[in-house]
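Student: I should like to discuss how the labels attached to a model follow from their criteria. May we go through them one at a time?

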Amino acid sequence: MKKTLIIGCGYLGKRIAHNLQETGIEVCGTTRSEARAAELEADGIPAAMLELETAGEAAALEGEWEAAVYCAAPGKGGREALVVRDAAAACRDRLAENGLRRFVYVSSTGVYHQDSGELLDETSPAEPPEGRSALLREAEEIILEGAACDNIVVRLGGLYGPGRSPIEWLRRPGFRERLGGSAEAWMNWIHIDDAAAAVCAAARRGRKGELYLGVDGAPVKRIDFYQFAAELAGEEPPELDTASADRGKRLSNRKLVEELGVSLLYPDYRRGLASIA
């Protein structure tokens, strides 16, 4: 896997790019913004312009890439169905015509609909009723059903890292008012650096047609997560809903660790948040 294209080279994509570069792999990251392309180039990541609306005809997809990682996000006001589902399939199909061998689609653990606190893994049902989670699930099925190359899906838990963690969020005006969810619901997180390592491991060693959960394997209740973050931030903990029956779900990373050999830098939220603080 000497050449890898990263479609949607943002907060996660940049770390994936650097991870691959450190092992001698040639990478290119796509963006739709010239300013963003300049930032990527300044950060040592070759960049290419890509409009997802016309992905099937895009010049950025004409090269002979051995692997591709799709981690594009709609952003605010973005066209969710296009970015999450339709463009992913279009990019994969166009690249496959030019000899693509591996395609890794970055999904979310939000596709799991369960809310009783049960322990889940890659074999558990995922039937989200609506919204972005439903689009992600549809995209997963489309990608995994393709036969032109080795298709792999990585479902990432909640991402946090420098500049994007509850330590910063709790200091922002209005965040507490917008923070919802049951205090007793289980949450599943992964540090951004470990998330990048999980995706890279899937690109290198993942099996065709497989799903992998990218979580730290240490589920935490929402109230404990935000109380610890508040301590590190020097802020008062937020008030959370203690009456809700939602207990979330607990997710296993056993397959990620045992099959892909990922060794997490931050195997639980306490170490991850402490490293940021």
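**Salt bridges and exposure**

Tutor: This predicted model holds 21 salt bridges.

Student: What makes the contact of Arg85 and Glu138 a salt bridge?

Tutor: The criterion is a side-chain nitrogen of Lys or Arg within 4 Å of a carboxyl oxygen of Asp or Glu. The N to O distance for Arg85 and Glu138 is 2.6 Å, so the pair qualifies. Because Arg85 belongs to helix 3 (residues 80-97) and Glu138 to helix 4 (residues 131-145), the pair ties together parts that are 53 residues apart in sequence.

Student: Why is Glu138 called partly exposed?

Tutor: Its relative accessibility is 34%. Buried requires under 20% and exposed over 50%, so Glu138 falls in between.

Student: How do you know that Arg94 and Glu97 meet in a salt bridge?

Tutor: Their side chains have an N to O distance of 3.2 Å, and the limit is 4 Å. Both residues lie in helix 3, three residues apart, about one turn of the helix.

Student: Which of the terms buried and exposed applies to Arg94, and which to Glu97?

Tutor: Arg94 has 17% relative accessibility and therefore counts as buried, the cut-off being under 20%. Glu97 has 61%, so Glu97 counts as exposed, the cut-off being over 50%.

Student: Why is Arg178 called exposed?

Tutor: The relative accessible area of Arg178 is 60%, and exposed means over 50%, so the label applies. Arg178 lies in helix 6 (residues 175-178) and forms a positive surface patch with Lys76, Arg164 and Arg172.

Methods:
Residues are numbered from 1 along each chain as its sequence is written. This is a predicted model: local features need pLDDT of at least 70, side-chain atom pairs count only at pLDDT 80 or more; totals for chains, interfaces and linings use all residues. Side-chain values use heavy atoms; hydrogens and water are left out. Patches are made of residues with over 30% relative accessible area and no salt bridge: like charges are joined within 9 Å, nonpolar side chains (Val, Leu, Ile, Met, Phe, Trp, Tyr) within 5 Å. Accessible areas come from the Shrake-Rupley method with a 1.4 Å probe; for residues, only the protein chains shown count as cover. Lys and Arg count as positive and Asp and Glu as negative; His and the chain ends are not counted. The place of a charge is taken as NZ of Lys, CZ of Arg, CG of Asp or CD of Glu. Helices (H or I, at least four residues) and strands (E, at least two) are DSSP runs, numbered from the N terminus. Buried means under 20% relative accessible area, exposed over 50%, partly exposed in between (1.4 Å probe, protein chains only).
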